[in-house]
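Here's a quick briefing to read with the model open beside you. It goes through one loop residue, then the sheets, the cores and a second loop.

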Amino acid sequence: MKYLIFSDTHGDRAEFQEILNHYRDNPEIAAIFYNGDSQFESDDPIWENIHVVLGNMDLFSSDFPIENVYKNKTDDITIYQTHGHLAHVNNGFEKLDHLANKHHADIVLFGHTHVILAEKYSGKLFINPGSTTYPRGPQRSIGGTYVILTINKSEFIVEYFSRSFKEIPFLRQVFSR
């Protein structure tokens, strides 16, 4: 199974729509996750079939959930998703890990920092796709990014892509399940 994960477009509807148009009808994509800070209204039709959570810049639209728990029995995984601002991800993952533990999550998705990250922490895979619009951190010169997560029986494969839909090979990471 493959999952599209992106975040922090901050009102860039054209970029958001372009990513959706590229992947929405792809039968390999099992689900689409958006980790907050779109700055779109929660009743916008763009959200159809997308798992979305509230970002700190989405506060005018309080109908987004603060967190989402996704379970896929085919992959035998549980994904915990939140934006990260309420878990203070800028100061570490302890609080985010605690929230994910409540749901027995295998994978934790978040945004907020605009910094790409894929790492195992406390037995879970933590993924931040960065920002498609305003990247930060050591890899910001790459430009905006998003993630395709591939899950098979033995591995999690995290692949970062540029806004032009090209994989960024040196960012690819493989984790055992």
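Let's start with Ser 7, which sits in the loop between strand 1 and helix 1. Keep in mind that this is a predicted model. From that loop we can work outwards to two open sheets, one of six strands and one of five strands.

**Ser 7 and its surroundings**

- Ser 7 has a relative accessible area of 0%, so it counts as buried.
- Its side chain makes a polar contact of 2.5 Å with the side chain of Asp 8.
- Setting aside neighbours within four places in sequence, Ser 7 is in contact with Tyr 34, Asn 35 and Gly 36, and also with His 83, Gly 111 and His 112.
- The rest of that contact list for Ser 7 is Pro 129, Gly 130, Ser 131 and Thr 132.

**Strand 1 and the six-stranded sheet**

- The six strands run in the order 3-2-1-9-10-11, and the pairing is mixed.
- At the edges are strand 3 (51–52) and strand 11 (173–176), each of which pairs on one side only.
- Helix 1 packs on this sheet, where it touches strand 1, strand 2, strand 9 and strand 10. The direction of helix 1 makes about 175° with that of strand 1.
- Strand 1 (residues 2–6) is largely enclosed by the rest of the structure, because four of its five residues are buried.
- On one side, strand 1 pairs with strand 2 (residues 29–34) in the parallel sense over five bridges. Lys 2 has Ile 29 of strand 2 as its bridge partner, and Ile 5 has Phe 33 of that strand.
- Strand 1 also pairs with strand 9 (residues 145–151), this time antiparallel and through four bridges. Here Leu 4 is matched with Ile 148 as its bridge partner in strand 9.
- Put strand 1, helix 1 (residues 13–23) and strand 2 together and you get a right-handed β-α-β unit.

**The five-stranded sheet**

- The order here is 4-5-6-8-7, again in an open sheet with mixed pairing.
- Strand 4 (67–72) and strand 7 (117–121) are the edge strands, each pairing on one side only.
- On average, neighbouring strands of this sheet are turned by 20° against each other, if you ignore direction.
- Helix 2 packs on the sheet and touches strand 5, strand 6, strand 7 and strand 8. Its direction makes about 120° with that of strand 8.
- Strand 5 and strand 6 are parallel partners over three bridges, with Gln 81 bridging to Leu 109 in strand 6.
- Strand 6 and strand 8 are likewise parallel over three bridges, and Ile 107 has Leu 125 of strand 8 as its bridge partner.
- Strand 7 and strand 8 pair in the antiparallel sense over five bridges; Tyr 121 is bridged to Lys 124 in strand 8.
- The hairpin of strand 7 and strand 8 has two residues between the strands, and Ser 122 takes a positive phi near 55° there.

**A closer look at strand 8**

- Strand 8 is mostly covered, with five of its five residues buried.
- Side chains in a regular strand alternate between the two faces of the sheet.
- In strand 8, Lys 124, Phe 126 and Asn 128 point one way, while Leu 125 and Ile 127 point the other way, and all are buried.

**Nonpolar cores**

- The largest nonpolar core has 22 residues, and those with the most contacts inside it are Ile 107, Ile 127, Leu 149, Val 158 and Tyr 160.
- At least two residues of this core come from each of strand 1, strand 2, strand 5 (77–82), strand 6 (107–109), strand 8 (124–128), strand 9 and strand 10 (155–162).
- Another core, of 20 residues, lies apart from it; Phe 16, Ile 19, Ile 32 and Phe 40 are among its members.
- Residues up to four places away in sequence aside, Leu 149 touches a set of residues including Met 1, Tyr 3, Ile 5, Ile 107, Leu 125, Ile 127 and Phe 156.

**His 85, in another loop**

- His 85 sits in the loop between strand 5 and helix 2 (94–101).
- Is His 85 buried or exposed? His 85 has 17% relative accessibility, and the cut-off for buried is under 20%, so His 85 counts as buried.
- Not counting residues up to four places away in sequence, His 85 touches Leu 54, Gly 55, Asn 56 and His 112. His 112 also appears among the contacts of Ser 7.

Definitions and conventions
Residues numbered from 1 in each chain as written. Predicted model: local features only at pLDDT ≥ 70, side-chain atom pairs only at ≥ 80, totals over all residues. Heavy atoms only, no water. Buried < 20%, exposed > 50% of the residue type's maximum accessible area, 1.4 Å probe, protein only. Pairing = 2+ DSSP bridges. Right-handed = clockwise from strand over helix to strand, strands pointing away. Polar contact = N/O pair within 3.5 Å; in protein donor to acceptor, adjacent residues only side chain to side chain. Contact = heavy atoms within 4.5 Å. Core = buried A, V, L, I, M, F, W, Y, C linked by side-chain atoms within 4.5 Å. Axes fitted to C-alpha atoms, helices over the stretch in contact; angles between N-to-C directions.
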